[in-house]
Amino acid sequence: MAHYNPYFGSFEQSKSFNKYAELTLWISTILLIVAFILKAYNPNWSKYSELMSNINCFFIISYAILSFIADNIFYQASIQRREDFIDNSFKTTIAEQRSVDYYTNDNIVAGIYKMAVNGFENSLFTYNISNKMTTSLWIKNVVFAILILLFAIFGYNNAFILLIQLTLPILLLQQAIKHTLFVYRIKRVYENYRRLFNDLRNESDSKLKRPEILLNVLDYETTLTYGAILLDSDIYNKLNSDLSAKWNNMKTEYKIE
């Protein structure tokens with residue numbers, strides 16, 4: 001049967017709104033640069049510069065709205081993902097539709113142990129992909145923030161427009177900081193899973209580890225909810241084969257069966 005993921009479309013829709021938000025960010029930055037150049041090149045063109053600054057406020061507000069919509073779609077998609085996670089782990093039918101060949105642990109008997117294995121696999125992929133995204137995100141957001149900040153301060157015409165323009169660098173830096181904290185926290189979840197399965201290698205009865213399994217699952221879900229991070233599809237495709245091979249090796253190493 002072909003690979004199928006019921007919530008893939010929802011996450012892609014969220015990514016689309018993120019792309020629209022990034023497009024408004026580019027337009028906003030270009031408008032600020034052009035407005036600054038016009039004012040600096042010819043003071044008589046100040047009215048055109050002022051017009052562009054006013055128009056730019058629309059794109060700044062649009063960026064915030066589009067990001068908000070993307071986050072809300074992400075939240076709904078996350079609910080679908082959690083339902084599918086439970087269904088795959090326990091062979092239940094909570095979700096309206098369930099994934100096919102998305103997890104690689106179909107040989108494991110349904111139950112809380114399988115839920116732990118699925119969570120372990122999730123944390124491996126989420127940590128590595130989000131960590132790979134961190135540097136480029138910081139570079140992009142800091143460059144945009146500095147450009148917008150400089151052109152807003154040196155090209156502003158009134159306090160209200162300046163205030164609106166200054167909100168965008170704050171949002172960008174906040175986004176980069178939030179992503180970095182997310183990577184740190186998801187790494188901690190991943191390391192906790194490694195310790196858990198290291199203990200389970202020598203534990204004949206996994207029932208004794210149920211509280212720890214549930215804690216790790218809840219910790220992972222809480223971290224995802226906090227971060228609302230959309231993993232980069234290009235990075236996922238680039239790392240997928242290596243991470244899949246690593247996961248198969250880890251299943252052997254930790255005697256996951």
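**Reading helices, rings and cores in a predicted model**

Trainee: How do you know that the 66 Å span of helix 2 agrees with its 45 residues?

Mentor: This is a predicted model, and helix 2 covers residues 46–90. At 1.5 Å a residue, those 45 residues should span 66 Å, because the expected span takes one less than the number of residues. The end C-alpha atoms of helix 2 are 66 Å apart, which agrees. Just after helix 2 comes lysine 91, whose phi is positive, near 60°.

Trainee: Why is the pair of tryptophan 26 and phenylalanine 144 called edge-to-face?

Mentor: Let's start with the general idea. A pair of aromatic rings is described by the distance of the centres and the angle of the planes. For tryptophan 26 and phenylalanine 144 the centres are 4.8 Å apart, within the 6.5 Å limit, so the rings pair. Their planes are 85° apart, over 60, so the pair counts as edge-to-face. The pair links helix 1 (residues 8–41) with helix 3, across 118 residues.

Trainee: What makes tryptophan 26 partly exposed?

Mentor: Its relative accessible area is 46%, which lies between the 20% and 50% cut-offs, so tryptophan 26 is partly exposed. Phenylalanine 144 has 5% relative accessibility, under 20%, so phenylalanine 144 counts as buried.

Trainee: Why is the pair of phenylalanine 120 and tyrosine 190 called tilted?

Mentor: Its planes are 35° apart, neither under 30 nor over 60, so the pair counts as tilted. The centres are 6.2 Å apart, still within 6.5 Å. Phenylalanine 120 is in helix 3 and tyrosine 190 in helix 4, so the pair ties together parts 70 residues apart in sequence. Both residues are buried.

Trainee: Which residues have the most contacts inside the largest nonpolar core?

Mentor: They are Phe120, Phe197 and Ile256, in a core of 35 residues. Helix 3 gives the largest share of this core, 11 residues. Phenylalanine 120 touches Tyr190, Phe197, Trp247 and Ile256, among others. Phe120 also belongs to a cluster linked by ring pairs, including Tyr113, Tyr127 and Tyr254.

Trainee: How do you know that arginine 185 lies over the face of tyrosine 226?

Mentor: Arginine 185 is 4.3 Å from the ring centre, which is within the 6 Å limit. Distance is one part of the test; the charge must also be within 35 degrees of the ring normal. Arginine 185 is listed as lying over the face, so it meets both parts. The charged end of lysine 178 also sits over the ring of tyrosine 226, 5.8 Å from its centre.

Definitions and conventions: Residues numbered from 1 in each chain as written. Predicted model: local features only at pLDDT ≥ 70, side-chain atom pairs only at ≥ 80, totals over all residues. Heavy atoms only, no water. Helix = DSSP H or I, 4+ residues; strand = E, 2+ residues; numbered from the N terminus. Core = buried A, V, L, I, M, F, W, Y, C linked by side-chain atoms within 4.5 Å. Buried < 20%, exposed > 50% of the residue type's maximum accessible area, 1.4 Å probe, protein only. Contact = heavy atoms within 4.5 Å. Phe/Tyr/Trp six-rings, centres within 6.5 Å; stacked < 30°, edge-to-face > 60°. Lists of a residue's contacts leave out its neighbours within four places in sequence.
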